[in-house]
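Grab a pencil and work through a few exercises on the structure shown here. Try each task yourself before you read the solution.

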Amino acid sequence: MTAPSVRQISVPTTLSGGEFSAIAGVTDERTKVKELLRHPRIVPSAVILDPAISVHTPEWLWLSTGIRAVDHCVEGVCSNEAHPYGDAQALKGLALLSRGLPGVKANPLDLTARLDCQIGTWLSMGPLASGVPMGASHGIGYVLGAEFGIPHGYTSCVMLPAVMRWNSSVNADRQAAISIAMSQGGTDAGDVLDTLIGGLGLPRSLSAVKIGRDNFQRIAEKAMSTPWVPRNPRRIDGPEQVREILELAA
């Protein structure tokens, strides 16, 4: 893409973390496909994290984009291409987010909890910004957003636990690190994530966002062409395996 001519200073009020990445995601409304655009100068020259500003963000948006940041942490750590630099940031970010998000839910004026969420989001981008690919949660989420208008954070809420359960046969050791970072060592990581999402009052299934089984084949076929599904830690060879994940999330 053409480099931006004016550098940005970003003051984020949500937790998706795009301001820490040289990747922009844009949905082509004609084709209903989410596309990635990359350039080093997409990254702002400065990012200002101000928890006081974020009290004006709608609760559902703050919390759901927080789960998007959790998704960045989790898929970064669980990737077959993970590395120690990304792991260190993502696991610390996950610890901050898993503490901060319930803190904000309990008390929306808790600025310490809000700052934990913001710093956790910053750290969550460590893997992706250093070249670690995301997995099926992000890939399927691209289709749910572009095709069906599901909000960015909600796609992670409904898909991440299911993807973790489907992947567990190939990366149980990595998933154990996720549970430990969330202070739930010894508990299945998919269950830990599902409990966190449910405790925040966010949707936990495809049916909760009005996606029925009649759409599963279309979602599965389109997900195969996303950048992330082919790099999921448990190999996905075709749409039928994506449908297995969708059934777990139904």
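The exercises below cover cysteines, a helix pair and two single residues.

A word on the ground rules: the model is predicted, so local features need pLDDT of at least 70 and side-chain atom pairs count only at pLDDT 80 or more, while totals for chains, interfaces and linings use all residues. Residues are numbered from 1 along each chain as its sequence is written, and side-chain values use heavy atoms, with hydrogens and water left out.

**Exercise 1. Find how many disulfides the whole structure has, and work out why C78 and C157 are not bonded.**

Step 1: Recall that a disulfide is a covalent bond between the sulfur atoms of two cysteines. The cut-off here is a pair of cysteine sulfur atoms within 2.5 Å.

Step 2: Search everything, and you get 0 disulfides.

Step 3: Check C78. Its closest cysteine sulfur belongs to C73, 11 Å away, and that is too far for a bond.

Step 4: Do likewise for C157. The closest cysteine sulfur, in C117, sits 13 Å off, again too far for a bond.

Step 5: Look at accessibility (buried is under 20% relative accessible area, exposed over 50%, partly exposed in between, with a 1.4 Å probe and protein chains only). C78 is buried at 4%, and C157 is buried at 0%.

**Exercise 2. Describe how helix 9 and helix 10 cross.**

Step 1: Locate them. Helix 9 covers residues 216-223 and helix 10 covers residues 239-249; helices here are DSSP runs (H or I, at least four residues), strands are E runs of at least two, and both are numbered from the N terminus.

Step 2: Take the axes, which are lines fitted to C-alpha atoms over the stretch in contact, with angles from 0 to 180 degrees between N-to-C directions. They come within 8 Å and cross at roughly 125 degrees.

Step 3: Classify the angle. Under 35 degrees is roughly parallel, over 145 roughly antiparallel, 65 to 115 roughly perpendicular and the rest oblique, so helix 9 and helix 10 are oblique to each other.

Step 4: List the contacts (heavy atoms within 4.5 Å). On helix 9 they include F216 and I219, and on helix 10 they include V242 and L246.

**Exercise 3. Place S21 and K92, and decide whether each is buried, partly exposed or exposed.**

Step 1: S21 is in the loop between strand 1 (9-10) and strand 2 (23-28). At 4% relative accessibility, S21 is buried.

Step 2: Leaving out residues up to four places away in sequence, S21 touches I42, V43 and M125.

Step 3: K92 belongs to helix 2 (residues 84-106) and is partly exposed at 48%.
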